[in-house]
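Thanks for coming, everyone. Let's put the structure on the screen and walk through it together.

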Amino acid sequence: MISIKSEREIALMKEAGLILQKAFKEIEKHIRVGITTKELDKIAYAFIIKNDCIPSCLNYEGYPATMCISINDEVVHGIPGKRKLKDGDIVSCDLVLSYKGYHADATRTYIVGNVKEQIKELVENTKNAFYEGVKQVHEGARIKDISEAIEKYAHAHGLSVVEELVGHGIGSAMHEEPDVPNFNDGSNIRLKAGMTIAIEPMLNLGSKEVYLCDDNWTVKTMDKKPSAHYENTVLVTKDGYEILTGED
Ligand code: MF3
Ligand code: CO
């Protein structure tokens with residue numbers, strides 16, 4: 001069942017989204033060569049607690065941190081640790097928090113120092129692909145309209161689409177129905193006003209193939225080429241959508 005949020009629930013999700021936007025403002029200030037991913041994770045945790053929220057990922061199915069931090073060929077779910085950011089890295093920060101029982105989920109991929117032009121374009125085009133997808137959102141549109149728009153944009157820019165991981169409904173649970181794939185899987189599910197979904201393209205510079213690492217969390221590209229990720233929590237409205245986690 002796909003939940004339709006009440007006015008009260010929507011208000012709480014908007015509040016959660018605003019706090020998450022502020023969390024990213026704080027995290028962004030600390031993105032620099034030499035900082036460890038654990039330090040970034042601590043900054044995210046402290047900000048969330050200070051704002052009366054709960055870090056949704058911490059202990060979720062045993063995940064050991066607040067934020068998923070994935071560098072270069074790491075696609076998603078990288079575990080924060082002693083690794084330091086280096087000049088030329090791209091780093092995706094995927095953060096989910098809950099406020100009074102409602103979750104907001106977003107991801108930003110940051111550039112560290114001097115990044116090769118082609119890799120900067122990967123990051124930029126992953127964000128653009130999200131916007132191509134979200135433009136399809138309105139009451140009555142189908143999930144596959146979003147998926148197809150993202151996939152077409154990615155392919156038109158020479159990028160491949162990760163298929164193993166998908167966007168999702170979100171609300172009182174971090175992951176709700178429906179799945180929101182970044183490739184057209186033919187989903188004819190129609191959107192209704194009051195649904196809230198996380199749209200999250202994960203695009204690769206090389207091939208779409210990925211694998212799960214020995215830590216049982218980190219997903220990497222098979223060909224070791226970089227991958228970028230961009231995500232927002234989105235409210236479906238009668239005429240379109242509202243992005244609850246910001247436009248940055
Ligand atoms: N933020 C991820 C998503 O978009 C969830 C992270 S999984 C976790 O679905 F286990 F790390 F929490
Ligand atoms: Co998500």
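Let's start with two glutamates. Glu-200 is buried, and Glu-231 is buried too. Keep in mind that this is a predicted model.

Where do these two sit? Glu-200 is in the loop between strand E9, residues 196-199, and strand E10, residues 202-204. Glu-231 is in the loop between strand E13, residues 227-229, and strand E14, residues 232-236. The pair is 31 residues apart and links distant parts of the chain.

Which protein atoms hold the cobalt ion, ligand 2? The donors are Asp-105 through OD, His-168 through NE2, and Glu-200 and Glu-231 through OE. They lie 2.0 to 2.2 Å from the ion. Look for them along the sequence as well. The spacing of the cobalt donors reads D-x62-H-x31-E-x30-E.

Now ligand 1. There are 14 residues around it, and Cys-57, Asp-94, Asp-105, His-175 and Glu-200 come nearest. Notice two cobalt donors, Asp-105 and Glu-200, in that list of nearest residues.

Here are some distances from oxygen atoms of ligand 1. To a side-chain N or O atom of His-175, it is 2.5 Å. To one in the side chain of Glu-200, it is 2.9 Å. To one in the side chain of Glu-231, it is 3.3 Å. How much of ligand 1 does the protein cover? On its own, ligand 1 has 340 Å² of accessible area, and the protein covers 95% of that.

Next, Asp-94. This residue is found in strand E4. Is Asp-94 buried or exposed? Its relative accessibility is 9%, so Asp-94 counts as buried. The side chain of Asp-94 makes a polar contact of 3.2 Å with the side chain of Thr-107. Beyond its sequence neighbours within four places, Asp-94 is in contact with several residues, including Cys-68, Asp-105, Glu-200, His-229 and Glu-231. Met-67 is one of the contacts too. In sequence, Met-67 and Asp-94 are 27 residues apart, yet their C-alpha atoms are 5.8 Å apart in space.

Stay on the same strand for Leu-97. Leu-97 is also found in strand E4. Its relative accessible area is 0%, so Leu-97 is buried. Further along the sequence, Leu-97 touches Tyr-102, His-103 and Ala-104, among others. Earlier in the chain, its contacts include Ala-16, Ile-19, Leu-20 and Ile-48. For contrast, take Val-210. Leu-97 and Val-210 are 113 residues apart along the chain, and their C-alpha atoms are separated by 27 Å.

On to the nonpolar cores. The largest one has 34 residues, and Ile-27, Ile-31, Val-91 and Leu-95 touch the most other members. At least two residues each come from helix H1 (7-29), helix H2 (37-50), strand E2 (67-71), strand E4 (90-99) and strand E5 (102-111). Which element gives the most to this core? H1 does, with nine residues. Leu-95 shows how these parts meet. Its contacts away in sequence include Leu-20, Ile-27, Ile-48, Met-67 and Ala-104. Asp-105, the cobalt donor, is another contact of Leu-95. Apart from this core lies another, of 31 residues, among them Ala-141, Leu-159, Phe-183 and Ile-243.

Now Asn-204, which has its place in strand E10. Asn-204 counts as buried because its relative accessibility is 0%. What does its side chain reach? One partner is the backbone oxygen of Ser-207, at 3.0 Å. A polar contact of 2.7 Å joins the side chains of Asn-204 and Ser-227. Asn-204 also touches Leu-159, a member of that other core.

Ser-227 leads us to Glu-74, which touches Ser-227 as well as Arg-83 and Lys-220, among others. Glu-74 is found in strand E3, residues 74-76. With a relative accessible area of 10%, Glu-74 is buried.

Last stop: the backbone. The peptide bond from Glu-177 to Pro-178 is cis, with omega near 0 degrees. Pro-178 is in strand E8, residues 176-180. Two residues other than glycine have a positive phi: Asn-72, near 55 degrees, and Lys-100, near 45 degrees. Asn-72 lies in the loop between E2 and E3, and Lys-100 in the loop between E4 and E5. Asn-72 is buried, at 19% relative accessible area. Lys-100 is exposed, at 59%.

That's my tour. Thanks for listening.

Technical notes:
Residues numbered from 1 in each chain as written. Chains lettered and ligands numbered in written order. Predicted model: local features only at pLDDT ≥ 70, side-chain atom pairs only at ≥ 80, totals over all residues. Heavy atoms only, no water. Core = buried A, V, L, I, M, F, W, Y, C linked by side-chain atoms within 4.5 Å. Buried < 20%, exposed > 50% of the residue type's maximum accessible area, 1.4 Å probe, protein only. Helix = DSSP H or I, 4+ residues; strand = E, 2+ residues; numbered from the N terminus. Contact = heavy atoms within 4.5 Å. Donors = N, O, S within 2.8 Å, 3.2 Å for Na, K, Ca; no water. Near = heavy atom within 4 Å. Polar contact = N/O pair within 3.5 Å; in protein donor to acceptor, adjacent residues only side chain to side chain. Areas by Shrake-Rupley, 256 points an atom, 1.4 Å probe, with all protein chains shown as cover.
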